[in-house]
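Thanks for coming. I will keep this short and go through one model.

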Amino acid sequence: MELFDLTLHELSDKLRRREVSSVEATRAMLDRIEATDGKVNAFITVTPDQALQDAEAADKRIASGGADLLTGIPVALKDIFLTEGIRTTCASRILENFIPPYSATAWEKLRERGVVLVGKLNQDEFAMGSSSESSAFGVTRNPWDLDCIPGGSSGGSAAAIAARQVTATLGTDTGGSIRQPASHCGCVGLKPTYGRVSRYGVIAYASSLDQVGPVTRDVTDCALMLGAVAGYDPKDSTSVDIPVPDYGKALTGGVKGLKIGLPREYFIEGLDPGVRKAMDEAVATYLGLGAEIVDVSLPHTDYAVACYYLIATAEASSNLARYDGVRFGHRNKYAKGLIEMFCRSREEGFGAEVKRRIMLGTYALSSGYYDAYYLKAQKVRTLIRQDFLKAFEKVDVILAPVAPTPAFRIGEKVNEPLQMYLSDIFTIPVNLAGTCGISVPAGFSEGGLPIGAQLIGRPFGEETLLRAAHAFEQATEWHGRKAQI
């Protein structure tokens with residue numbers, strides 16, 4: 001088995017037993033990126049010199065006995081995380097040459113443990129999209145079928161895992177942007193509870209919805225990565241000061257007696273036959289493991305997409321106002337006055353999807369429309385959260401599809417934004433409710449594309465969520481398949 005084929009915990013064992021060095025593992029990943037990324041385009045920036053330097057430091061740390069499970073592990077980050085001294089673009093021309101003066105807390109936590117960064121990953125521009133087609137640096141392709149999208153916005157994070165270019169990645173999830181690409185690329189992707197992981201140093205899209213989470217090859221790796229980045233951060237006012245469990249220990253115990261809810265609103269007409277088959281088989285697997293299946297209702301699900309695209313675009317309009325060509329980012333060189341400089345810099349720097357969402361959000365916040373749209377959406381958001389809390393009075397976790405279909409072809413929906421927005425119909429409610437969700441490989445379509453199952457947990461219920469996901473993974477063989485690229 002090649003080094004790039006190993007999971008995080010497998011590579012960690014080899015590093016700690018001194019069977020392989022971090023330098024060797026890092027070189028294997030860099031070689032794999034060079035060999036495959038011309039096809040996939042998962043990376044915006046690769047940092048080979050810095051990575052090998054950090055790998056040498058990790059090997060010295062391992063030799064001295066001061067290492068932990070993540071020391072020397074090569075990872076990559078979605079290009080939305082600030083990384084001191086390393087270009088951070090958010091896949092936008094407006095930040096094409098931006099070098100941050102400090103790093104995101106999530107990356108700092110990994111770096112402190114001796115993790116090796118090999119590069120920054122492609123995404124939808126400013127995380128706005130469901131297909132990774134809106135990047136200013138080209139479309140990322142799905143390693144299972146290069147004519148298909150990898151999902152979005154963390155498409156590069158999932159594609160890099162599926163292409164075995166890196167051992168683990170971090171992404172962000174605003175309305176499904178970790179879980180949906182993980183489903184489309186046959187990976188494990190976790191969106192933690194809002195407040196579980198610091199957002200400090202993560203370029204904001206919609207601040208009340210964004211959450212940092214891992215994309216990995218299996219559930220064990222996911223638990224290790226979550227444990228490394230979770231925890232209170234005084235630099236983030238939305239970070240919650242509660243203890244972080246040992247998520248690795250949470251993977252034991254199975255699911256016998258666990259109550260798993262099936263929300264009737266998620267099993268709708270028009271669900272792709274392959275997705276429905278995967279969900280039916282997932283239910284059968286859990287029943288075979290001794291779990292109890294319970295019907296539940298999330299009655300306000302139908303309003304989630306409309307609610308989300310009012311709140312998210314309103315917050316995006318506010319957050320992206322800072323990109324004005326004055327303090328950082330792209331500035332038009334030929335404008336004759338301040339207002340013209342603002343307008344031309346933003347016109348040149350932002351792509352079509354970002355402009356669309358800024359305009360939608362500005363409209364929703366404008367005088368005379370705030371109460372009718374944004375305020376009403378916030379009230380509906382509360383009802384959606386209450387739906388989940390009521391369901392969790394009866395069940396421990398909820399099982400649902402991640403997306404209505406497997407990955408679609410590149411260009412298929414690029415001119416139909418409303419159809420694109422519906423790709424996240426099953427993931428958006430979790431962000432609105434602020435709770436946690438995970439995507440695990442659950443099958444394949446007739447065309448050979450991965451299909452994920454989504455498990456949704458109580459707020460700060462990641463332990464139970466990971467236990468249920470791990471039990472399913474161990475009972476099935478889907479996570480063991482590899483894209484042939």
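I will take the sheet first, then the core, the salt bridges, one helix near the start of the numbering, and a patch on the surface. Keep in mind throughout that this is a predicted model.

Let me start with strand E9, residues 397-401. How many of its residues are buried? The count is 5 of 5, so the strand is mostly covered, taking buried to mean under 20% relative accessible area. E9 has two partners to talk about. One is strand E7, residues 259-263, which runs parallel to E9 and is joined to it by 2 bridges. Within that pairing, Gly261 has Ile398 of E9 as its bridge partner. The other is strand E11, residues 450-457, which runs antiparallel to E9, with 5 bridges between them. On that side, Pro401 stands opposite Ala453 of E11.

Now the core. The largest nonpolar core has 112 residues, and the members that touch the most other members are Phe126, Phe388, Leu399 and Ile438. Which helix gives the most to this core? That is H9, residues 304-319, with 9 residues. There is also a second, separate core of 24 residues, and among its members are Val116, Leu121, Ala158 and Ala163.

Two of the residues I just named deserve a closer look. Take Phe388, which sits in helix H12, residues 370-391. Is Phe388 buried or exposed? Its relative accessibility is 3%, so it counts as buried. Setting aside neighbours within four places in sequence, Phe388 is in contact with Tyr266, Leu298, Ile398, Pro429, Val430, Ala433 and Ile456. Ile398 in that list is the E9 residue that bridges to Gly261. Leu298 is also in the list; it lies 90 residues away along the chain from Phe388, and the two C-alpha atoms are separated by 6.7 Å.

Then Ile438. Again not counting residues up to four places away, Ile438 touches a set that includes Val188, Leu190, Cys222, Leu465, Leu466 and Ala469. Ala453, the residue opposite Pro401, is touched by Ile438 as well. So are Gln454 and Leu455. One charged residue is in the set too, and that is Arg179.

Arg179 takes us to the salt bridges. How many does the structure hold? The total is 19. As a reminder, side chains of opposite charge can pair when their charged atoms come close. Arg179 pairs with Asp173, and the closest N and O atoms are 3.0 Å apart. What about cover for this pair? Arg179 has 0% relative accessibility and therefore counts as buried. Asp173 is also at 0%, and counts as buried too.

Next, Arg356 and Glu353, whose side chains meet in a salt bridge with an N to O distance of 2.2 Å. Both residues belong to helix H11, residues 352-365, and they are 3 residues apart, about one turn of the helix. Arg356 is at 29% relative accessibility, so it counts as partly exposed. Glu353 is at 13%, so it counts as buried.

The third pair is Glu477 and Arg481, with a salt bridge at 3.3 Å, N to O. Glu477 has a relative accessible area of 40% and is partly exposed. Arg481, at 39%, is partly exposed as well. Beyond single pairs, Asp5, Arg164 and Lys482 are joined into one network by salt bridges that share partners.

Now to helix H1, residues 8-16, where Ser12 lies. Ser12 is buried, at 3% relative accessible area. Which residues does Ser12 contact, leaving aside those within four places in sequence? They are Leu69 and Ile73. For Asp68, 56 residues from Ser12 along the chain, the C-alpha separation from Ser12 is 8.7 Å.

Last, the surface. Val326, Leu338 and Ile339 form a nonpolar patch there, and together they have about 290 Å² of accessible area. Leu338 belongs to helix H10, residues 338-349. Why does Leu338 count as exposed? Its relative accessible area is 52%, and exposed means over 50%.

That is what I had; I will take questions now.

Definitions and conventions:
Residues are numbered from 1 along each chain as its sequence is written. This is a predicted model: local features need pLDDT of at least 70, side-chain atom pairs count only at pLDDT 80 or more; totals for chains, interfaces and linings use all residues. Side-chain values use heavy atoms; hydrogens and water are left out. Patches are made of residues with over 30% relative accessible area and no salt bridge: like charges are joined within 9 Å, nonpolar side chains (Val, Leu, Ile, Met, Phe, Trp, Tyr) within 5 Å. Accessible areas come from the Shrake-Rupley method with a 1.4 Å probe; for residues, only the protein chains shown count as cover. A salt bridge is a side-chain nitrogen of Lys or Arg within 4 Å of a carboxyl oxygen of Asp or Glu. Helices (H or I, at least four residues) and strands (E, at least two) are DSSP runs, numbered from the N terminus. Buried means under 20% relative accessible area, exposed over 50%, partly exposed in between (1.4 Å probe, protein chains only). Two strands pair if DSSP finds at least two bridges between them. A nonpolar core is a set of buried Ala, Val, Leu, Ile, Met, Phe, Trp, Tyr and Cys residues joined through side-chain atoms within 4.5 Å. Contact means heavy atoms within 4.5 Å.
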